[in-house]
Amino acid sequence: MTKIPHIVILGGGFGGLSAANEIRNSLDSSKVKITIIDKKDWFMVGFAKLWIMNGTRTFDNSIGSLNKLSKKQIDFIKDEIIEITPEDNSVKTKSKTISYDFLIISMGAVLAPEKISGLVENGFNLYDHDQLQKINEKLNKIESGKIAIAIMGMPYKCPPAPFEASLLIDSMLRKRGIRNSIQINVYSPAPITLPAAGPEISKQINDLINSEKIIFHNSKKIKNVKTKKLIFENDEADFDILLAIPPHIAPKVVYDCKLATEPGFIKIDRNCKTQHKNIFAVGDVTSLVVADPVTVPKAGIFAEGEGITVAKNIVSKLQSKENIISFDGKGGCFLESGRDTASIIDVDMFTEPKPSTLLTDSTSENLSKKLDFEKERLTKWL
Ligand SMILES: Cc1cc2nc3c(=O)[nH]c(=O)nc-3n(C[C@H](O)[C@H](O)[C@H](O)COP(=O)(O)OP(=O)(O)OC[C@H]3O[C@@H](n4cnc5c(N)ncnc54)[C@H](O)[C@@H]3O)c2cc1C
């Protein structure tokens, strides 16, 4: 009897779920065994975090269960991955060793607030689902003062998200009738709001937040955080509530098996291959250079596109076909205005001579598309 190939997917986020579903939609369980390993048993579309922040959602009504994968004959193991051993095609979790024929690493980026001295004690991590409820309570209590949204490292997930957060907070404060008593400041180490999107789009984003009296402070490289004070390399700023986007790094196992060097990510090309045969990497755990220093942004839509690319190439290989495809670099991120509309930042990372980016008008239709985007992923993947 011939052995069924085993595809092991590390991480059940955008990259892992898109890859697993794409493979399963092409090959049934008699042709290929698929296993997803994740330390948590739920998936959430990243932008729902900002809805928990502004109180229009709860955690429980924003997640899908990875346990539902069994309906599609995709095995799910809830466990922590502690070792990848390319030499014997295996991965180790806390409780077992699992062999693979193909490995897809889609473990995302790790948030590392501890890298900034004083941050954990004095500020919130805006991207940590566990802190959103507390952030919401703080935002509902503040009566006057300064709210700081501070990007503390590049690259970070979903480059427009901090600006979207500022607009949603502006909306919350307006509804409470206290907006004029509170300053909202956004700090970034970058010279413009969205470096990957270029100066024109960055100016449009800056104009949009300025129109709501939100101030963008560029080139603010964080040194550390003190009580109610951000200490930058050449400056300081006061705050009453700090919402930080902490530095992002790759998971430790990736450094341990030398797929990347700390604090970087796994370098891939448009075929998402690593230096090891039959090991692929997709999504936020990777770094895909477009034209140095521009890389593909860390966003779910790109993790999804890369996951589908790898899946199609593995299926082709299993079917002994020659057609290998490359990741197309196309995608878009939503930017909610806080006035019941959203715009879409449409990106094509591989147009010549440079990536093309388009910011659409902010409309209620785009806000509906954002809701549909989430619903579609939760229903088609789980
Ligand atoms: C506020 C916010 C708004 C966003 N808005 C958008 C948007 O509008 N559009 C968009 O495209 N993207 C958006 N994103 C970004 C998007 O969520 C990420 O880019 C996307 O989740 C990356 O997918 P991934 O598969 O690479 O990683 P992830 O989705 O992070 O999945 C990685 C998985 O690996 C698991 N894992 C990691 N290490 C281990 C381990 N050692 N053992 C076991 N499991 C492990 C994790 O638990 C996780 O489930 C947003 C993000 C945030 C925070």
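**Notebook: sheets, helices and the ligand shell**

I started at strand E17 and looked up Leu230: its bridge partner there is Ala237. I take helices (H or I, at least four residues) and strands (E, at least two) as DSSP runs, numbered from the N terminus. The model is a predicted one, so I kept local features to pLDDT of at least 70 and side-chain atom pairs to pLDDT 80 or more, while totals for chains, interfaces and linings use all residues. Residue numbers run from 1 along each chain as its sequence is written.

**Small sheet**

Leu230 took me to strand E16 (residues 229–232), which pairs with E17 in the antiparallel sense over three bridges. I count two strands as paired if DSSP finds at least two bridges between them. The sheet around this pair is open, has three strands in the order E15-E16-E17, and is antiparallel in its pairing. I noted strand E15 (222–226) and strand E17 (236–238) as the edges, each pairing on one side only. Neighbours in this sheet are turned by 20° against each other on average, direction ignored. For axes I use lines fitted to C-alpha atoms, for helices over the stretch in contact, with angles from 0 to 180 degrees between N-to-C directions.

**Five-stranded sheet**

Next I went to an open sheet of five strands, parallel in its pairing, with the order E5-E2-E1-E9-E21. Its edges are strand E5 (74–78) and strand E21 (279–281), and each has a partner on one side only. The average turn between neighbouring strands here is 20°, direction ignored. Inside the sheet I checked strand E1 (residues 6–10) against strand E9 (residues 102–105): they pair in the parallel sense over four bridges. Val8 has Leu103 of E9 as its bridge partner.

What lies across this sheet? I found H1 across E1, E2, E5 and E9, running at about 170° to E2.

**H1 on H8**

I then followed H1 to H8. Their axes come within 7 Å and cross at roughly 35°. The crossing is right-handed (the near helix is turned clockwise from the far one by less than a right angle; anticlockwise would be left-handed). The contact residues on H1 include Phe14, Ala19, Glu22 and Ile23, and those on H8 include Ala303, Glu304, Ile308 and Val315. My contact criterion is C-beta atoms, placed from the backbone, within 7 Å. Sorted by class, the H1 and H8 contact holds nine nonpolar, six polar and four charged residues. Nonpolar here means Ala, Val, Leu, Ile, Met, Phe, Trp, Tyr, Cys and Pro; charged means Asp, Glu, Lys and Arg; the others, Gly among them, are polar.

**Ligand shell**

How many residues surround the ligand? I get 35, and the closest are Gly11, Gly13, Gly46, Gly108 and Gly283. A residue is near the molecule if its C-beta atom, placed from the backbone, lies within 6 Å of it. Two or more shell residues come from each of helix H1 (14–26), strand E2 (33–38), helix H2 (48–53), helix H8 (300–318) and strand E25 (330–336). The shell splits into 17 nonpolar, ten polar and eight charged residues. Domain 1 (6–109 + 250–326) and domain 2 (112–247) each give at least three residues to the shell.

**Domains**

The assignment lists domain 1 (6–109 + 250–326), domain 2 (112–247) and domain 3 (329–377); such bounds come from an automatic or database domain assignment. I looked up the centres of domain 2 and domain 3, taken over C-alpha atoms: 21 Å separate them. Their contact takes twelve residues from domain 2 and nine from domain 3. On the domain 2 side, helix H5 (161–175) and helix H6 (198–210) each supply at least two residues. H5 has the largest share of that side, six residues. The domain 2 side divides into seven nonpolar, three polar and two charged residues.

**Backbone oddities**

Where are the cis peptides? I have one from Glu262 to Pro263, with omega near 5°, and another joining Glu352 and Pro353, with omega about 0°. Pro263 sits in the loop between helix H7 (252–256) and strand E20 (266–267). Pro353 is in the loop between strand E26 (342–348) and strand E27 (356–359). I also flagged Cys158, a residue other than glycine with a positive phi, near 50°. Cys158 is in the loop between strand E12 (145–151) and H5.

Methods
Contact = placed C-beta atoms within 7 Å.
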